[in-house]
Amino acid sequence: MKRALLIALAIAATAGIAHAYPQYQLSREQTCGSCHLSPTGGGLLNDNGELTDEDDAKWGGDPTFLHGAKELPEWLHLGGDVRFAAGASNPGGGWGPALFPMQIEGHVQADRGPVSVVADLGFTIPNEDNPITLLWSRNHYVEWHQRESGEGLYARAGRFMPTYGLRLAEHTAYTRRFGGTPLFSEAYGASVGWVTPGAELHLTGFVHDRWQDSIEDGDGAALYAEKRFGKIAVGAEARYANGAEDVRTQGGATAKLWLDGPAVLLSAEAQVVHQTFDAGGKRNQAVAYLLASWFFAHSYFLDVGLGHYDEDVKVPDVDRDTVEVNLHWFPKTHMELVLMGRLQMIALGNGGDNASYGLVQFHYRM
């Protein structure tokens, strides 16, 4: 029983936070802001996003806040996300049962003309890898946007995740975990950007959180640019962070391709990371992720992801490879079930025990 609890807590330490599904970009819309109030995606849905939720649901339903039970004034937007998961996990050395909360979080946005105040409030499980506070806010910032649709110029200041890379909701993806946007790495900063159906550009300067623990302990900047050509998108990215023990300089590229016939979106990201340690020494890392999203039936889509991470390209048998499979089903508006499976190997099995899990996740959006 004690072992099962430790396994559950270990997985909970890397529990997911709902952001957005960029799998809908190109397959449905050209920009993340087409479905979200934020021009960079994630967080609360706008009217079009709620209609998409209704269209995707197997048995429909009212997609608005609390299923339409409470009508909000136009200037106020409320929501929340609750996620739980159950199944089995093998962190290396043996399988055990797992049952844990992944996310319990509320969201609010208040608008006054082109200015919005955005915040969330949620719970975490305190441990050495997570923020030490039980109750905390990952995001709280003030944003100005040129147009109500989210297109055009925008600027924000506060605590948030710098816009970078594919922006996958799946935090286990190597290009998130090792590529600059790991779970709980929000920082204080200021960002400016420009978003249109054909292209977008985001520049963020950030400093690490001085008031509470965060995975991001560096100060720096992040740049992401993307150009779209119909059903194709290509992007470029660069990031610098001067941390407590090291300096990380990295750059990379992204690409997306929508295939109408099989209804498949291919997404890819590759990065090179140069890390210099304050105590002396340096190393180069390589990280890449390929994701195929198949919209094979109404209310379903299937993700198959392949990841590679080499923490030092000069050292043998420290590279990691992973295969991830996630089946998403939307039975009703506000509700999602995800069947999740993952296998990770170190040096293709020569560098240590394999790790894996099989989970069922329940997600409810308020």
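**View 1. Charges across the whole chain.** Lys and Arg count as positive here and Asp and Glu as negative, while His and the chain ends are left out. Counted this way, the protein chain of this predicted model carries 28 positive and 44 negative charges, and the mean positions of the two groups are 1 Å apart.

**View 2. The overall fold of the protein chain.** Let us step back and take in the chain as a whole. It is built with 3 helices and 17 strands. Along its principal axes, the C-alpha trace spans about 55 × 45 × 40 Å. The radius of gyration is 20 Å, which agrees with the value near 21 Å for a compact globule of 366 residues. Of these 366 residues, 51% are buried. Among contacts with a separation of 6 or more, 55% link residues 24 or more positions apart. The accessible surface comes to about 16600 Å², and carbon and sulfur atoms provide 64% of that area.

**View 3. The largest nonpolar core, with Tyr21 as our guide.** In soluble globular proteins, nonpolar side chains tend to be buried together. The largest nonpolar core in this model has 11 residues. Its aromatic members include Tyr21, Tyr24, Trp258, Phe295, Phe301 and Phe330, and Leu26, Leu265, Ala169, Ala233 and Ala263 also belong to this core. Beyond its neighbours up to four places away in sequence, Tyr21 touches Ala169, Phe301 and Phe330, and also Arg83, Glu170, His328 and Glu336. Apart from the largest core lies another, of 8 residues, with Ala85, Met340, Tyr357 and Leu359 among them.

**View 4. Ala86 and the residues around it.** Here we look at Ala86, which has its place in strand S1. How much of Ala86 is accessible? Its relative accessible area is 32%, so Ala86 counts as partly exposed. Setting aside residues up to four places away in sequence, Ala86 touches Ala98 and Leu99, as well as Gly358, Leu359 and Val360. Pro97 is 11 residues from Ala86 in sequence, with 7.8 Å between their C-alpha atoms.

**View 5. Ala236 in strand S10.** Our next alanine, Ala236, lies in strand S10, which covers residues 232-242. Ala236 is partly exposed, with a relative accessible area of 44%. Which residues is Ala236 in contact with, leaving aside its neighbours within four places in sequence? They are Leu223, Tyr224, Ala225, Gly252 and Ala253. For a sense of distance, Leu121 is 115 residues from Ala236 in sequence and 32 Å from it in space, C-alpha to C-alpha.

**View 6. His67, a loop residue with a positive phi.** Follow the chain from helix H2 (47-56) towards strand S1 (76-90), and the loop between them holds His67. Phi of His67 is near 60 degrees, a positive value in a residue other than glycine. Is His67 buried or partly exposed? With a relative accessible area of 35%, His67 is partly exposed.

**View 7. Phe184, a buried loop residue.** This close-up shows the loop between helix H3 (174-177) and strand S7 (187-195), where Phe184 is found. Phe184 is not a glycine, yet its phi is positive, near 65 degrees. Its relative accessible area is 7%, and because buried means under 20%, Phe184 falls among the buried residues.

How values were computed
Residues are numbered from 1 along each chain as its sequence is written. This is a predicted model: local features need pLDDT of at least 70, side-chain atom pairs count only at pLDDT 80 or more; totals for chains, interfaces and linings use all residues. Side-chain values use heavy atoms; hydrogens and water are left out. A nonpolar core is a set of buried Ala, Val, Leu, Ile, Met, Phe, Trp, Tyr and Cys residues joined through side-chain atoms within 4.5 Å. Buried means under 20% relative accessible area, exposed over 50%, partly exposed in between (1.4 Å probe, protein chains only). Contact means heavy atoms within 4.5 Å. Helices (H or I, at least four residues) and strands (E, at least two) are DSSP runs, numbered from the N terminus. The radius of gyration is taken over C-alpha atoms; the globule rule is 2.2 Å times the number of residues to the power 0.38. Accessible areas come from the Shrake-Rupley method with a 1.4 Å probe; for residues, only the protein chains shown count as cover. The place of a charge is taken as NZ of Lys, CZ of Arg, CG of Asp or CD of Glu.
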